Every structure is written in C-alpha cells, then in structure tokens.
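Visitor: I'm new to this one, so could you pick a part and take me through it up close? Please link it to whatever else is worth a look.

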Amino acid sequence: MSAFDLIAGVLLVASALAAVTLKNAVHAGLALVGNFLVLAMVYFALEAQFLGWIQIIVYAGAVMVLFLFVIMLLYDAKADVGVDRLRWMRPVGAALAAVFFLALAYAFSGVGPVNPLADVKLAGGLPGPLGKLLYGLWLYIVLLIAVLLFVATVSAVVLVQPQTRKARVKPQVSERDRELEEVGK
Amino acid sequence: MTYLITALKGLVLILMLLFAFAYLTWAMRRVLARFQIRLGPNRVGPLGLLQPIADAVKAIFKEDISVSKADKFVYWLAPVISFTFALAAFAVIPLGPEGSLFGLDPWVADLNLGVLYIFAVAELAVYGIFLSGWASGSKYSLLGGLRSAAGLVGYELALGIALLGPVLLVGSLSLRDIVEWQGEHGWLILWQFPAFVVYLIAALAEMGRTPFDFVEAEQELVGGFSTEYNSMKFVAFYMAELLHWITAAALIPTLFLGGWHAPFGLPDIPILWLFIKWAVFVFLVMWIWASWFRTRYDVMIRFAWGVLFPVALAWFLATAYWVASKGGAV
C-alpha cells in the first residue's frame, strides 16, 4: 500500500461519511462532489485517464450540478434537512450495510493476489482502446445500458406530462382574459 | 527538473493571465466607451493606462463585508473555486510548435485528452457561480445562481457535441494534434463551419457575455450571483469572468482557426499569430457586447435545447457518417 492509496482511501471514506451525515443538504452534496473528485484521482493513478476525465465531467460536473440545482430549488436558502423523519430506518440501514460488507468480503476472499497494475492497465486508458472494447467485445452490454437509459428518460418525460395537452397560451393573453372576465363581473 | 520547469511555466502563465486581465479591464472600458461616443477612463496615467492599478489598490483597501445570512464556509469557498478553475483552463493551449519558446515547449501541460480537460475545468468552474448564489442567502443571488446552472448545462452540451465533429475528423483529443492537423490539412473552420458557429455561440453563453449575460442581468437581478460580494471576493469573481473570456478567445482559434499557424501562407511566428487571432476574438466579444441586446432567459434556454443542440447533433452525425464511409480519420 502506497502513501497515495492511504490518502485516497481516507479521503474517500471521510467524504462519503460527510455526504451522509452532514445536516445541510448542499454541504452533503458538496462532500459528494469531493468524493467524486478523489475517485477521479484514483482512476488517474490507475492510468485510466479517459475514465477519470469522464468521471469529473459527467458526475462531478453535470450530474451533481443538476442535483444541487434541485436541492436549491426545493428547499429554502438554508437547505437544512432538520429532524430525521425515518429514524427507524437507521438500524435497518446498518444491518443492510453489514450484509453488503460480508458479501463483498466473501466475493473477494476467493480472489488471489491482485494483479499488478502494469498488467491491468489499458494503453494508458485512452479512448481508442477503450472504445474498441466497448463497441466490440461488450457491444451488447453497452446497447442494453443504452436502452435502459433511454427508457428511463422517456418514462421520466411521460410521468411529468400533464393529463391533457392544451395549446400553449401566452401568459400575456391569459392575463388579459382574466382581466376581461373580472371587468365583465 | 521537468516538474520544476513545468511549475515555472505555470507561474509565468498565471502572471501573464493576470496581466492580461488587468489590461483587459482597461481596454474593455476604453473600447466600449468609443462605441458609445464617450471617453472612458483617461485620467490615471497616460491614456488612463494606470487605471487597473488604481482599481486594484481600491479593491484591496475596501472593507471586506460578509452577509449575516450567508453560509460562511461556502460563501468563502465559491470565489476561490471560480478563480482557480478559470486560471487552470489555459494550461493546455499550445502557443507554438515544440521547442519554440527559447528551447522550451510553449505550453504548460500536453495532455492526451486536452479537450476533456478543458470541459472538466469549465464544468467545475460553474460551481463557483452556482454556490455563491446559494451561499449569499439572498433571493437575487439564488436566482442568478440557478439561472447559471440551468443555462450552462444546456450550453455545455451544445459546446461538447459541436466539438465532436472536429475531434472525429482529426482522430485525437489532444489540442496539439488538432493544431498540427490544421497545419497540414487546412483550418477546421473550412471543414467544420456549422460546428464553429455552434461553438462560438455556446462559448459566448459559457463566458456569460452579451447576448447571454443572463447570470448577472443587472436590471432584473441587481448583480446576480455576485450581489452580496464586495472587495477582493468580488474581484475574484470578476477576474474569473474575464479569464473565461480570455481563455475562450484563445481556444476558439486553437480549435478552428489553425492555432499558432499563420494565415494565407505567411511565415509562421509562434505566439504572435495566436496573439493576433486572440485579440480579434476579444474584440469581437466587445463588439457584440456594445451593439446587441440581452436575450430573455426562457428564449435563451429554448434556443440552447431547441436549436443549438439539434444542429450540433445533426452535424456530428453527418461528420461521423462521412468519416466512417472514408474508413477513419483524415
């Protein structure tokens, strides 16, 4: 274990803990951004350059900006989560986490010594070799994930559709109609 | 030794960028004044050339007030984020061919994935504006921050997809490769004109300039995200904003106008030609600023998703089809 592994591990666990324990939703979101950035650094250290940059652009950039956007839009300016409403969930969550850790430990117990990094790395993690694998060997899996994401997007759009589709009325026009009605009364 | 040289080059680049920022504030005010038949700052020093120094002294000695409703930590963090990532983006732009800067390479970092680096830095810079809007504890700031987040996600998408065409054609994500390809095959603006137009418009939104300066639309939002900031914290935001402008004005020629290559077969002089192209784009932004209106916010968002995004996507698919039918990058 190198110094980098140790520091990255401590930072990852600390930022993940901060993300779930901080009372303020925006602070928690920021801790999650920090977590994603450290994860990107780990990818860089594994010479997975492309994955690292995509982690920053997609997760730390786009996804978390939208996430924080929703938090800021829904909560008031302090974004304090306040009293925990689902207190009974805590022991359940702890038990599930324990089961998950045991399962992980069991899964990794069968694995021998981990391959040295030099054997695993993929031509510097550049998009070329990665693309050849994704769109060659694992094309069906990529297509399945694409279909899944597409279905999720379409269903999100369908779910927020109003029941009946009315022609869009300009706000000025609807305001004028309302005023005319008031005058008529 | 290489680390030391890179660090020194980085330091020199930062100093150059800060100098460019200081004199851009002066040039901007002078040029905008000419457009509006005024004089602009001309009292401090000859032609007003010492004005940036006077402004800096004033900003430093101003009392640093913070808002009682503000979230202290994030309120302080936001300008730091803005400023840091605004400075970082310039590092991968090549100013000339290898070894042309007194035997050194005229760039700070030569990344294989330079285009991705620029996007990562640009996306993280959004956090500065966005968080300052929330942390100020003011409604105007929050509205400015929300506008910036919603707007920039839309324009970032158009920006990214517009760049896919050139990247497919060149077959590399490194800015150096893109510039060298243009030296051999001709400028990318000739190959990829629609991508250039989309990129230029989206870049205007990205740097928050007219017609898309909705983030701090002063008639609607007082000062937008920076309403509650003053003295050096405000200067950090102001610097970040102008540094985005400076970087984008160097990035557009690098991507589409041959970078440091000379136009019309003139002799290649490293740094000089890129500087001239940079100056042209800096002026173009001022010109648009002085002569155009600000679009309404909803119109702007609809334009990003309804026009720029489909155009960029269609052009990308056309390029992809063409490249695939030729059997690989040019």
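Guide: Let's start where a helix ends: right after H5(B) comes Gly171(B), with a positive phi near 80°. Keep in mind as we go that this is a predicted model. For chain B the average pLDDT is 85, and 96% of the residues score at least 70. For the complex, the predictor gives an ipTM of 0.84 and a pTM of 0.83. As a rule of thumb, where pLDDT is low, the coordinates shouldn't be read in detail.

Now walk back along the helix itself. H5(B) takes in residues 139-170, 32 residues in total, and its first and last C-alpha atoms are 46 Å apart, close to the 46 Å expected at 1.5 Å a residue. There is a bend, though: about 25° at Leu164(B), with a proline, Pro166(B), following within four residues. As for surroundings, H5(B) is mostly covered, with 23 of its 32 residues buried.

Staying in chain B, have a look at H10(B), which runs over residues 231-256 and holds Tyr238(B). Is Tyr238(B) buried or partly exposed? Its relative accessible area is 26%, and because buried means under 20% and exposed over 50%, Tyr238(B) counts as partly exposed. Ser226(B) is twelve residues away from Tyr238(B) along the chain, and their C-alpha atoms are separated by 9.0 Å.

H10(B) also brings us to the salt bridges; there are six over all chains. One of them pairs Asp64(B) with Lys233(B), with the closest N and O atoms 3.2 Å apart. Asp64(B) sits in the loop between H2 and H3 of chain B while Lys233(B) is in H10, so this pair ties together parts 169 residues apart in sequence. The two partners are covered to unlike degrees: Asp64(B) is partly exposed at 48% relative accessibility, whereas Lys233(B) is buried at 15%.

Another bridge in chain B joins Arg29(B) to Asp55(B), with 3.0 Å between the closest N and O atoms. That pair links distant parts of the chain, too: Arg29(B) belongs to H1 (residues 2-35) and Asp55(B) to H2 (residues 51-61), 26 residues apart. Both are partly exposed, Arg29(B) at 34% and Asp55(B) at 29%.

Hop over to chain A and you'll find a bridge inside one helix. Arg178(A) and Glu182(A) bring their closest N and O atoms to 2.9 Å, and both lie in H8(A), residues 171-184, four residues apart, or about one turn of the helix. Why does that spacing suit a pair? An α-helix has 3.6 residues a turn, so residues three or four places apart point the same way. Arg178(A) is partly exposed at 41%, and so is Glu182(A) at 48%.

One last stop in chain A is a nonpolar surface patch of about 1,100 Å², whose members include Leu134(A), Trp138(A), Ile145(A) and Leu149(A). H6(A), residues 127-137, and H7(A), residues 139-159, each supply at least two residues of the patch, and H7(A) gives the most, with six. Ile145(A) is found in H7(A) and is partly exposed, with a relative accessible area of 46%.

Definitions and conventions:
Residues numbered from 1 in each chain as written. Chains lettered and ligands numbered in written order. Predicted model: local features only at pLDDT ≥ 70, side-chain atom pairs only at ≥ 80, totals over all residues. Heavy atoms only, no water. pLDDT = per-residue confidence, 0-100. Expected span 1.5 Å × (residues − 1). Bend = angle between axes of the 7 residues up to and from the residue. Buried < 20%, exposed > 50% of the residue type's maximum accessible area, 1.4 Å probe, protein only. Patch = residues over 30% accessible without salt bridge, like charges linked within 9 Å, V, L, I, M, F, W, Y side chains within 5 Å. Areas by Shrake-Rupley, 256 points an atom, 1.4 Å probe, with all protein chains shown as cover. Salt bridge = Lys/Arg side-chain N within 4 Å of Asp/Glu carboxyl O.
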